[in-house]
Amino acid sequence: MSEVEKDFTIQNYLEFLQTKKLMGSKCKDCGTLYVPVRKLCTKCNNSNMEWAEMSGEGELVAFTSITVGTPYFIEKGYDRNKPYCFSIIKLKEGPMVSAQLVGVEENKPESINIGMPVKVKFLETEIKGETKTDLGFEPI
Amino acid sequence: MAKLARKVAMVGAGMSKFGNHFPLKRNPDLWIDAWLNAVKSVDHGIEPKDIDACYVGNYSSDLFNHQGHLGPQMANLVGLTPKPAPRFEGACASSGIALRQAVIAIAAGIHDVIAVSGVECMTELPTAGVTDVLATASDSLFEYPAGATFPGLYATLASAHFHKYGTTVEDLMRVGIKNHENGAENPYAQMQQSIKDMMESKRKRYEQQGREVPEWSDEFDFLKSSANPIIAYPLRLFDCSLITDGAACLFLASEEKAKDFTDTPIWITGTGQGSAALSLHDRDSLTSFIASREAAKQAYQMSGLSPKDIQICEVHDCFTIAEIVALEDLGFYERGKAVEAIKNGETKRDGVLPINTSGGLKSKGHPVGASGAAMPVETFKQMRGIAERNRQVKFDVERAMTHNLGGSGGTCVVTIYEK
């Protein structure tokens with residue numbers, strides 16, 4: 001199935017992510033952009049979408065440095081002495097996404113500046129012999 | 001927003017002692033404790049035969065206790081089967097929803113008297129397990145893979161509030177200090193200690209153990225020390241509400257039936273509920289909850305009241321930042337101005353707008369699905385002038401509000417009470 005024919009499902013969004021593509025859906029009727037993907041445009045109530053690849057550039061709008069992490073991140077090797085950053089990024093194209101923020105001093109969160117420009121970094125984790133790609137961003 | 005078609009009264013309210021009770025007390029035990037206290041609060045008495053239905057609010061007994069289907073279980077324990085016993089879920093707003101649906105059912109004439117139950121037993125799981133269960137109230141598809149924990153989501157909102165309005169960690173700490181001062185006066189609270197008391201007992205313990213006694217100059221110094229570790233920057237341990245087992249029970253009645261139970265009913269004159277995208281990244285704002293604003297708007301319109309009419313309020317302080325945002329979302333203060341009011345003492349028990357006189361979720365405790373029913377227990381006591389110890393406000397409370405937020409703001413229920 002070619003990219004343009006893929007249905008606008010979460011699974012297909014995640015499969016694009018595994019191939020290091022941040023894809024959204026764009027409403028052909030009103031132009032509204034959705035990342036992560038949505039099949040129904042809640043702005044104009046149409047389901048006339050097309051896939052749109054994001055540039056991967058954006059800006060940090062909010063973040064935290066987490067010392068008591070989720071089981072998934074503990075498995076990735078993070079803990080109190082090695083915190084990680086959860087962040088919300090506003091993409092250049094408009095939508096906001098949740099992602100891990102890397103390439104920053106997680107132990108010195110006061111040094112991380114809201115408003116700073118960031119670019120996408122696809123983060124690979126080996127779990128049970130399989131490589132999983134998660135969405136990440138890093139400062140430009 | 002139309003007025004309620006029939007008037008609805010709260011004629012009784014009670015709660016179990018909140019705390020770390022498992023395995024000595026489980027959901028059924030906690031619920032019966034709450035029920036008995038609520039029954040005691042009804043002036044002319046109440047019996048199961050007087051009650052038409054049992055509305056149960058519970059977030060996740062399924063995951064906390066491997067027990068679903070809590071409605072009939074709770075109803076049966078107090079003699080209410082075979083009457084209707086639905087269960088309502090909306091994360092931490094679960095029993096707020098049960099309360100609102102009970103109001104609607106009575107106003108619609110479907111039922112005359114309803115027992116509203118909120119119940120949650122969290123400590124059956126270790127802390128890491130609790131954190132994981134709570135995380136299911138956020139977006140597990142897109143927030144969880146990015147590392148979001150519950151404190152993490154509120155910390156993220158705090159970072160946006162800090163950036164936009166210049167809010168500081170000291171502002172957060174003032175909320176915790178105040179709520180612990182209130183909780184110290186609540187015999188049903190989980191932590192009946194002020195931050196100052198805790199500081200002193202920690203000093204004593206260090207002394208007894210022959211360890212170096214820390215030199216904390218004041219509460220802020222203590223709260224910034226390693227005694228209060230960072231959970232998710234900028235939130236520290238004492239910015240987070242507690243993991244709690246507890247239950248609450250409310251009796252609601254139509255105007256006609258209310259007379260059988262009391263001569264001094266508390267009228268519920270406004271109810272509102274709002275919703276929002278589960279993911280923070282799909283929201284209109286990271287410094288305000290649209291679900292709160294929507295729920296408040298509906299409740300104000302229904303009651304015909306405005307923010308300046310509200311005299312006391314129990315707000316959903318699951319994290320200190322949440323109390324600050326709630327004060328702004330409910331219209332008590334302009335955006336970014338709540339912290340100044342808190343600093344001036346306006347929200348203390350002796351202030352002009354006492355907030356969380358119960359101790360809030362921060363100090364009273366937060367058995368998530370029970371919190372929405374426990375808030376009106378404090379309202380009931382304050383409006384009747386019977387709040388225990390030294391926490392009764394010094395003026396006659398004629399109009400009050402409760403604000404019950406679910407998850408990271410995906411659901412909110414706001415209720416207005418009048419004498």
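Trainee: In what order do the elements of chain A run from the N terminus on?
Mentor: This is a predicted model, where local features need pLDDT of at least 70, side-chain atom pairs count only at pLDDT 80 or more, and totals for chains, interfaces and linings use all residues. Residues are numbered from 1 along each chain as its sequence is written, while chains are lettered from A and ligands numbered from 1 in the order in which they are written. Chain A has 2 helices and 8 strands; these are DSSP runs numbered from the N terminus (helices: H or I, at least four residues; strands: E, at least two). From the N terminus on, their order is α-β-β-β-β-α-β-β-β-β.

Trainee: What box do the C-alpha atoms of chain A fill, and how far apart are the C-alpha centres of its domains 1 and 2?
Mentor: Take the box along the principal axes: it is roughly 50 × 35 × 25 Å. Chain A is divided into domain 1 (3–53) and domain 2 (57–139), with bounds from an automatic or database domain assignment. The C-alpha centres of domain 1 and domain 2 of chain A are separated by 23 Å.

Trainee: Which elements give two or more residues to the side of domain 1 of chain A that touches domain 2 of chain A?
Mentor: Contact means C-beta atoms, placed from the backbone, within 7 Å. By that test, 8 residues of domain 1 of chain A meet 9 residues of domain 2 of chain A. Two or more residues on the domain 1 side come from each of helix 1 (10–18) and strand 2 of chain A.

Trainee: Why is one side of strand 2 and of strand 3 of chain A left without a neighbour in the sheet?
Mentor: The sheet is open, with 3 strands in the order 2-1-3 and antiparallel pairing. Strand 2 (33–34) and strand 3 (49–53) of chain A stand at the edges, so each has a single partner strand.

Trainee: Which residue stands opposite A:Met23?
Mentor: Two strands pair if DSSP finds at least two bridges between them. Strand 1 (residues 23–27) and strand 3 of chain A run antiparallel, joined by 5 bridges. Opposite A:Met23, in strand 3 of chain A, is A:Glu53.

Trainee: Which strand gives the largest share of the side of chain A that touches chain B?
Mentor: Across the two chains, 26 residues of chain A are in contact with 26 residues of chain B. The chain A side divides into 18 nonpolar, 7 polar and 1 charged; here Ala, Val, Leu, Ile, Met, Phe, Trp, Tyr, Cys and Pro count as nonpolar, Asp, Glu, Lys and Arg as charged, and the others, Gly among them, as polar. At least two residues come from each of several elements of chain A, including helix 2 (71–75) and strand 5 (84–91). The largest share, 6 residues, belongs to strand 4 of chain A.

Trainee: Which residue of chain B stands opposite A:Ser65?
Mentor: Strand 4 of chain A pairs with strand 5 (residues 230–233) of chain B. The sense is antiparallel, over 2 bridges. Facing A:Ser65 is B:Tyr233.

Trainee: Which are the edge strands in the open sheet of 9 strands in chain B?
Mentor: The order is 3-2-4-7-1-8-11-10-9, with mixed pairing. Each edge strand pairs on one side only. In chain B they are strand 3 (87–88) and strand 9 (312–314).

Trainee: Which residue stands opposite B:Gly57?
Mentor: Strand 2 (residues 53–57) of chain B pairs with strand 3 of chain B in the parallel sense, over 2 bridges. Opposite B:Gly57, in strand 3 of chain B, is B:Phe88.

Trainee: Are helix 6 and helix 12 of chain B perpendicular or oblique to each other?
Mentor: Helix 6 (residues 150–165) and helix 12 (residues 320–329) of chain B pack at about 55°, with axes 9 Å apart. Axes are lines fitted to C-alpha atoms, for helices over the stretch in contact, and angles run from 0 to 180 degrees between N-to-C directions. Under 35 degrees is roughly parallel, over 145 roughly antiparallel, 65 to 115 roughly perpendicular and the rest oblique. Helix 6 and helix 12 of chain B are therefore oblique.

Trainee: How do the residues of the contact of helix 7 with helix 12 of chain B divide by class?
Mentor: Helix 7 (residues 169–183) and helix 12 of chain B pack at about 95°, with axes 8 Å apart, and are therefore roughly perpendicular. Among the helix 7 residues in the contact are B:Leu172 and B:Val175. The division is 4 nonpolar, 2 polar and 2 charged.
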